[in-house]
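Me: I am new to this structure and would like to understand the terms used to describe it. Please take me through them one at a time.

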Amino acid sequence: MDKVIGTVVAVAVVALVGWLMYRSWKRRTVRDESLGSYPVPAEHGAPVVDAEVLYVATTPFGEPLERLAVHGLAFRGSGHVEVIPEGVILRIAGESLTFIPADRLVGAQLASYAIDRGVEPEGLVALTWIAREQGTLEPTEPRVDSYVRARYPGDPARIIQAVNDIAAAPAPRSEQDIAAAPAAPRPEHDIAAAPAAPRPEQESEASHD
């Protein structure tokens, strides 16, 4: 009898956990249903880099522990990263083709972890880009990070170099970066036209008058 009760409780717990996971995933899918990639151009150049990778996840920019259910990038799987002059193509097994135009690419860099994948330091490549958003009243430009793990040594550096060579989207700047930026030099004609500061003796003469 005790075995039967224990089995029933275990099945109930597993079923509850499974239901909660399913519910969470459905809510995430609904939340992110407006996000996606871009159509592949009918004609494009040959790949500059074609690397075999394991696709890990896509997350909001700078939040590697928050998975996004972006269409075509919702599930982890093996695939290829192709960097072409027009952008980046992600071919992931079991998913639709993902294309990121060059003008939507922010850049690429090394990373060490994402959502459910921790590797050796700088073992992942993070592709930062601006996702396509549809069906919203106030469209924004959501920046996201897509993480991949290259299968062969040397490929991470090749991917990062190729992506950064074609990336056209401006990188985000913090308030500290803006405050620390050097002031732009004034044109010579502005400097020449500016009134000269009065000399001390001129100030004293003006006060006597």
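**The sheet and its terms**

Reply: Seven strands make up an open sheet in the order β5-β4-β3-β2-β11-β9-β6, with antiparallel pairing. Its edge strands are β5 (98–101) and β6 (105–111), each of which pairs on one side only. From one strand to the next, the twist averages 30°. The model is a predicted one, in which local features need pLDDT of at least 70 and side-chain atom pairs count only at pLDDT 80 or more, while totals for chains, interfaces and linings use all residues. Residues are numbered from 1 along each chain as its sequence is written, and side-chain values use heavy atoms, with hydrogens and water left out.

Me: What makes a stretch a helix or a strand, and how many of each does the protein have?

Reply: Both are DSSP runs numbered from the N terminus: a helix is H or I with at least four residues, a strand is E with at least two. The protein has five helices and eleven strands.

Me: How do you know that β2 and β3 pair?

Reply: Two strands pair if DSSP finds at least two bridges between them. Seven bridges join strand β2 (residues 49–60) to β3, and the two run antiparallel; seven satisfies the requirement of at least two, so they pair. One of the bridge partners is E82 in β3, which is matched with D50.

Me: Which strand is joined to β3 by six bridges?

Reply: That strand is β4 (residues 87–92), which runs antiparallel to β3. The bridge partner of E82 in β4 is I89. β3 and β4 form a hairpin, with two residues between them.

Me: Why is β3 called largely enclosed?

Reply: Buried means under 20% relative accessible area, exposed means over 50%, and partly exposed lies in between (1.4 Å probe, protein chains only). Six of the eight residues of β3 (residues 77–84) are buried, so the strand is largely enclosed by the rest of the structure. For the protein, 33% of the 209 residues count as buried.

Me: What makes R151 and E52 a salt bridge?

Reply: A salt bridge is a side-chain nitrogen of Lys or Arg within 4 Å of a carboxyl oxygen of Asp or Glu. The side chains of R151 and E52 meet at 3.5 Å, N to O, and this value is within 4 Å, so the pair is a salt bridge. R151 lies in the loop between β11 (143–150) and α2 (155–166) and E52 in strand β2, so the pair ties together parts that are 99 residues apart in sequence. The structure holds four salt bridges.

Me: Why is D155 called buried, and what is R158 called?

Reply: D155 has 9% relative accessibility, which is under 20%, so D155 counts as buried. R158 has a relative accessible area of 38%; this value lies between 20% and 50%, so R158 is partly exposed. The two side chains meet in a salt bridge (2.6 Å, N to O). Both residues lie in helix α2, three residues apart, about one turn of the helix.

Me: What does α2 touch in the sheet?

Reply: Contact means heavy atoms within 4.5 Å. Helix α2 packs on the sheet, touching β2, β3, β4, β6, β9 and β11. Its direction makes about 160° with that of β6; axes are lines fitted to C-alpha atoms, for helices over the stretch in contact, and angles run from 0 to 180 degrees between N-to-C directions.
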